Amino acid sequence: MHPDDEARERPAIDALLRGELPQLVYEMRARHADGHWVWLLVRAKVVEHDACGRPVRVAGTVTDISERKRA
């Protein structure tokens, strides 16, 4: 993950897990295996809670949006 994106990603995930957000949607940069940066669209949602209401399963998608960002 790009260092500039990391600072806002963790608080957003924490808010999702605390139930303060119904879903998480954000854009971030990640280093590709060959070394260049790609833009990703991340979407996530808590889909299962335990008997105490704590999240136990999160589902989501990660989509490469690099072409859209270049346009």
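Strand 1 and strand 2 are joined as a hairpin, with five residues between them. G35 sits in that turn and has a positive phi of about 110°. The model is predicted. A second hairpin links strand 2 to strand 3, again with five residues between the strands.

**Strands and turns**
- Strand 1 covers residues 24-31, and strand 2 covers residues 37-49.
- These two strands pair in the antiparallel sense, over eight bridges.
- R29 has W39 of strand 2 as its bridge partner.
- Strand 3 runs over residues 55-64 and pairs with strand 2 in the antiparallel sense, over nine bridges.
- Within that pairing, V42 has V62 of strand 3 as its bridge partner.
- The turn between strand 2 and strand 3 holds G53, whose phi is positive at about 90°.

**Faces of strand 1**
- The covered face consists of L24, Y26, M28 and A30.
- The uncovered face consists of V25, E27, R29 and R31.

**A buried charge in helix 1**
- Helix 1 spans residues 3-17 and includes E9.
- E9 is buried but has no salt bridge.
- R10 is the nearest side chain of opposite charge to E9, at 6.0 Å.
- Beyond its neighbours within four places in sequence, E9 is in contact with M1 and Y26.
- Y26 belongs to the covered face of strand 1.

**Rings**
- K69 lies over the face of W39, 4.3 Å from the ring centre.
- W39 is also the strand 2 residue bridged to R29.
- The structure has zero aromatic pairs.

Key:
Residues numbered from 1 in each chain as written. Predicted model: local features only at pLDDT ≥ 70, side-chain atom pairs only at ≥ 80, totals over all residues. Heavy atoms only, no water. Phe/Tyr/Trp six-rings, centres within 6.5 Å; stacked < 30°, edge-to-face > 60°. Lys NZ or Arg CZ within 6 Å of the ring centre and 35° of its normal. Helix = DSSP H or I, 4+ residues; strand = E, 2+ residues; numbered from the N terminus. Buried < 20%, exposed > 50% of the residue type's maximum accessible area, 1.4 Å probe, protein only. Lys, Arg positive; Asp, Glu negative; His and termini not counted. Salt bridge = Lys/Arg side-chain N within 4 Å of Asp/Glu carboxyl O. Contact = heavy atoms within 4.5 Å. Pairing = 2+ DSSP bridges.
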